[in-house]
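Please look over the sequence and the three-dimensional structure below before reading on. The paragraphs that follow lead through selected features, one region at a time.

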Amino acid sequence: MKTKAISLGDIAKRVGVSRMTISLALRDSHEVSEGMREKIHTIAREMGYSRSPQMSHLMAEVARLRNGVMRETLAFVTTEPTEEGWKKYDFEKFHVMKTYAAEKGYNLEPWWLSNPKLPPERVNEILWSRGITGIVLPNISRKFFEKHHGTLPIEWEKFCVVEMGGGLRFPAVHQVLHDHYHGMFLVLDELEALGYQRIGFCIRTEDDLRTHHRWMAAYSVWLRLRAFTIPPLIAAELEPRMVKAWVTNNQLDAVITPGIPDIKKWGIRDPQKIGFASLDLWEKRDAAITGIDQTAKEIAFAAIDLLISLVSHKRKGLPGNPMHWLIPGHWITGKTAIRVRNIPRPVGIENEPLT
């Protein structure tokens, strides 16, 4: 016997409010109080209400046309512990992406996947019901990365997805990211050109996992080319005492790491004795630090281009052959690495044969 589907009208009668209030609450509209929204969601689940995905998409499209909005919306999905936490790291990047998307005829809106008041399945449902099919993923927050073991609770089959940064361990999705492998070679080339020889690489375990050992792979090739036996330092946290001992025991004259640590605590004060270069100077960098600018704006432009292409061709779900667009960085001259000896400019590590 066929069971009658539960309608919005049925829920409205049960709750004692209008059908419009039920519709707004189920779409998590702030026009309905938080307490009433929670009550309506609870009763709807108890009654066995199930929303039609096709109807949800249709209603979202009708709403866009009614309001004169012809462009489609893309989601910038964040995972920081607080709703505004992503702005500390990605505000400039988001602004660039939003402006560029608008030029292409698309909206870009931030969506908070780690909202404690909305389980991830509800966030997925709301995105889907509002007709959003394109998602771009900035870097995953550390807590969320650990909680979900390097993936995200996204219903991948419903969306076109582009990840920025390449931190997801699984599943394999389309990515636009910095070329970490080339970036390590570039740093080593530049430091050698300044006359540094015994160059050490240290990295937090989490950062090594997030980059899928790409920096480590390039550094290992350099060690083989130079016949050095310098052990890279990998630790949960790069404690100053640990780094100092590692630098001394390996007689290093330069150190490489991602980000911008307090190198004075590491005992690195005079670049004539020990140079320093960062593999990622971030967007707001100290002008005194030498290292790699990962060209975040170029990565942002490319991510929007790729996502719009996927959305326009309706390529939802996990790809059989995910694309990886690698964007090179460029060298920034600072004060933490200087010329310590004159040597001929090397041909570049990538052009040297292994023996």
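In this account, helices (H or I, at least four residues) and strands (E, at least two) are DSSP runs, numbered from the N terminus. With that convention, G259 can be placed in the loop between strand 8 (254-257) and strand 9 (275-278). The structure is a predicted model. Is G259 buried or exposed? Because its relative accessible area is 5%, and buried means under 20%, G259 counts as buried. G259 and V17 are 242 residues apart in sequence, and their C-alpha atoms are 54 Å apart in space.

Helix 5 deserves a slower look. Helix 5 comprises the 17 residues 87-103, and at 1.5 Å a residue it should span 24 Å. The C-alpha atoms at its ends are 22 Å apart, which agrees with that expectation. Helix 5 also bends, by about 30° at K93. Which residues of helix 5 are buried? They are D90, K93, F94, V96, M97, Y100 and A101. K93 is thus both the site of the bend and one of the buried residues. The buried residues of helix 5 pack against strand 1 (72-78), strand 2 (106-112), strand 3 (134-137), strand 4 and helix 12 (296-312). After helix 5 comes G105, whose phi is positive, near 90°.

The aromatic side chains can be considered next. Rings of Phe, Tyr and Trp pair if their centres lie within 6.5 Å, and by this rule the count comes to 9 aromatic pairs. One of them joins W86 and F94: the ring centres are 5.1 Å apart and the planes stand at 70°, so the pair is edge-to-face. W86 is buried because its relative accessibility is 5%, and F94 is buried because its relative accessible area is 9%. W128 and F159 form an aromatic pair that is edge-to-face, with 6.4 Å from centre to centre and 85° between the planes. This pair links distant parts of the chain, 31 residues apart: W128 belongs to helix 6 (residues 120-129), whereas F159 is in the loop between helix 7 (142-147) and strand 4. W128 is buried, with a relative accessible area of 14%, and F159 is buried as well, with a value of 0%.

Ring pairs also link F201, Y219, W222 and F228 into a cluster. One member of this cluster, F228, has R198 over its face, at 5.4 Å from the ring centre. Where is the charged end of R210? The charged end of R210 sits over the ring of F145, 4.6 Å from its centre.

A polar contact is found at T133, in the loop between helix 6 and strand 3. The side chains of T133 and E72 are joined by a polar contact of 3.0 Å. T133 counts as buried because its relative accessibility is 12%.

The backbone has some features of its own. The peptide bond from F170 to P171 is cis, with omega near -5°. P171 lies in the loop between strand 4 (160-164) and strand 5 (174-178). Which residues does L318 contact, leaving aside its neighbours within four places in sequence? L318 is in contact with W156, P171, A172 and V173, so P171 appears here again under the cut-off that contact means heavy atoms within 4.5 Å. L318 itself lies in the loop between helix 12 and strand 11 (324-327), and at 46% relative accessibility it counts as partly exposed. L318 and E155 are 163 residues apart in sequence, yet their C-alpha atoms are 9.9 Å apart in space.

Two further residues border helix 10 (214-226) in the description of their loops. H212 lies in the loop between helix 9 (205-210) and helix 10, and its phi is near 55°, a positive value in a residue other than glycine. A227 is in the loop between helix 10 and strand 7 (233-235). The phi of A227 is near 60°, again a positive value in a residue other than glycine. How accessible are these two residues? H212 counts as partly exposed because its relative accessibility is 30%, whereas A227 counts as exposed because its relative accessibility is 65%.

How values were computed:
Residues are numbered from 1 along each chain as its sequence is written. This is a predicted model: local features need pLDDT of at least 70, side-chain atom pairs count only at pLDDT 80 or more; totals for chains, interfaces and linings use all residues. Side-chain values use heavy atoms; hydrogens and water are left out. Buried means under 20% relative accessible area, exposed over 50%, partly exposed in between (1.4 Å probe, protein chains only). The expected span of a helix is 1.5 Å times one less than its number of residues. The bend at a residue is the angle between axes fitted to the seven residues ending there and the seven starting there. Rings of Phe, Tyr and Trp (its six-membered ring) pair if their centres lie within 6.5 Å; planes under 30 degrees apart count as stacked, over 60 as edge-to-face and the rest as tilted. A charge sits over a ring if NZ of Lys or CZ of Arg is within 6 Å of the ring centre and within 35 degrees of the ring normal. A polar contact is a pair of N or O atoms within 3.5 Å; within protein, one must be able to donate a hydrogen and the other to accept it, and residues adjacent in sequence count only if both atoms are side-chain atoms.
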